[in-house]
Amino acid sequence: MANNRDHIYMQRALSLAEKGLGYVSPNPMVGCVIVSKAGDIIGEGYHERYGKAHAEVNAVRSVQDSEKLKDATVYVTLEPCSHHGKTPPCADMLADLPISKVLVAMKDPNPNVNGKGIELLKEKNIQVEVGLLQSEAEKLNEKWLHALETSMPFITLKVAQTADGYVAAPNGDSKWISCKESRTLVHRWRSQDDAVLVGRNTALHDNPQLTVRLVEGRQPKRVVLDGPFELPRNLNLFSDSFEEKTMIVTHNKKKAQQDADPMLKMLQSNYFRGEIITVEKDDSGHVSLREALHKIYDSGIHSILVEGGQQLSSALLRQGLVDRLQLFIAPKILGGGAKSIINLNINRMEDIRPFRDFTWQQSGKDMLLTANM
């Protein structure tokens, strides 16, 4: 049975795991703490970068006196892997150590693991306990778990609106509705998610960069939905230094095939160096969002921050594809222009959609609603 000290050590492992936020995807965040028989922390580590050493390996490497590993206890936030991926199996490594016990916050639902790592440790007569701070571990990796279970990225929809619900003035101008503190927070979110997504109208009229500039962090992939495949190539998304991080999703398969032709690329000085994904049209003649998200997931993207306009935001909500809404409300009034959300096909109050849970917080002069759908 876990005691108070066990909780403290596992909480430390969870705190270490969180340091990998934004850097380890599509892998999960994992932390590990090693405690000697005498009750001292002798090693700790976390998964720092995708493709690099896992948390357990880093923790073992940090142990300065290997003699203290005898009968030590290992606290790890996720079941040690039991298969060869970018790195060797961590379960095998731990099983070869003279440790006596491993406490695991949560089992790894990945079919390649899913209890195999735990069984391997038990076969070596190492005591294993699973479930300590499990809900906290699941919360930490909720986006990874969602992607694994649904084969679709976790979708966070960001909206910045005035107090009366507008996202742009009648002339289309939307800079800036939210305050600087809120915009800085959005850049932090960009660095933590795998990709940022916009529609063709936002790309054309706002010409965004969708890069991380106001904070330090990883540059995300950039996804633009361009059904007819007609956006001009001088836009920032297609011409800046991060062009190779841009993905175009289109239903115009003929144009996409021509653009990807290697012979034609040799003849073009400004050919597109990013990735092109083709999907079918939906009933309204636009890109099939659900198919697009499945294909984006297949490319290794597990979480997306959507920074689209009224049409894309409304379409995602209408189709039930939003997992979390991040809604900034600025203390300003426009009185006209583009509403943030329209046409959700809700005509009666009894059909209104409540949030699963939500929180409010202040962001500079704005208020931020974080709501799980």
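A disulfide is a pair of cysteine sulfur atoms within 2.5 Å. The exercises below apply this and similar criteria to a predicted model.

**Exercise 1. Cysteines**

Find how many disulfides the whole structure holds, then settle the status of Cys32.

*Solution.* Start with the search of the whole structure: it finds zero disulfides. Next take Cys32. The nearest cysteine sulfur belongs to Cys90 and is 8.6 Å away. The cut-off is 2.5 Å. Cys32 is therefore in no disulfide. Now turn to accessibility. Buried means under 20% relative accessible area. Cys32 has 1% relative accessibility, so Cys32 counts as buried. Cys179 has a relative accessible area of 12%, so Cys179 is buried too.

**Exercise 2. Ser82**

Place Ser82 in the chain, decide whether Ser82 is buried or exposed, and list what Ser82 touches.

*Solution.* First, the location. Ser82 sits in the loop that runs between strand 3 (73-76) and helix 3 (90-95). Second, the accessibility. The relative accessible area of Ser82 is 19%. The limit for buried is under 20%, so Ser82 is buried. Third, the contacts. Leaving aside residues up to four places away in sequence, Ser82 touches Pro89, Ala91, Asn112, Val113, Lys116 and Gly117.

**Exercise 3. Aromatic pairs**

Count the aromatic pairs and classify each by its geometry.

*Solution.* The count comes to two aromatic pairs. Take Tyr9 and Tyr75. Their ring centres are 5.2 Å apart, and their planes meet at 55 degrees. Planes under 30 degrees apart count as stacked, over 60 as edge-to-face. The angle of 55 degrees fits neither class, so the pair is tilted. Tyr9 belongs to helix 1 (residues 4-17) and Tyr75 to strand 3; the pair links distant parts of the chain, 66 residues apart. Both Tyr9 and Tyr75 are buried.

Now take Trp189 and Phe328. Their ring centres lie 5.6 Å apart with planes at 25 degrees, so this pair is stacked. Trp189 is in helix 7 (residues 180-192), while Phe328 is in strand 13 (residues 324-330). The two residues are 139 residues apart. Trp189 is buried at 12% relative accessibility. Phe328 is buried with a relative accessible area of 1%.

**Exercise 4. Charges over rings**

Identify which ring face Arg49 lies over, and which one Arg233 lies over.

*Solution.* Arg49 lies over the face of Tyr23, 3.9 Å from the ring centre. Arg233 lies over the face of Phe238, at 5.7 Å from the ring centre. The distance cut-off is within 6 Å.

**Exercise 5. The nine-stranded sheet**

Trace the strand order of the open sheet, name its edges, and place the helices that contact its strands.

*Solution.* Begin with the order. The open sheet has nine strands, arranged 11-10-9-8-12-6-13-16-15, with mixed pairing. The edges are strand 11 (275-278) and strand 15 (357-363), each pairing on one side only. From one strand to the next, the twist averages 20 degrees.

Look inside the sheet. Strand 8 (residues 195-199) and strand 12 (residues 303-306) run parallel and are joined by three bridges. Ala195 stands opposite Ile304 in strand 12.

Then add helices. Helix 7 packs on the sheet, touching several strands, including strand 6 (154-162) and strand 16 (366-372). The direction of helix 7 makes about 165 degrees with that of strand 13. Helix 12 (residues 289-298) lies across strands including strand 9 (221-225) and strand 10 (246-250). Helix 12 runs at about 135 degrees to strand 11.

Technical notes:
Residues numbered from 1 in each chain as written. Predicted model: local features only at pLDDT ≥ 70, side-chain atom pairs only at ≥ 80, totals over all residues. Heavy atoms only, no water. Buried < 20%, exposed > 50% of the residue type's maximum accessible area, 1.4 Å probe, protein only. Helix = DSSP H or I, 4+ residues; strand = E, 2+ residues; numbered from the N terminus. Contact = heavy atoms within 4.5 Å. Phe/Tyr/Trp six-rings, centres within 6.5 Å; stacked < 30°, edge-to-face > 60°. Lys NZ or Arg CZ within 6 Å of the ring centre and 35° of its normal. Pairing = 2+ DSSP bridges. Axes fitted to C-alpha atoms, helices over the stretch in contact; angles between N-to-C directions.
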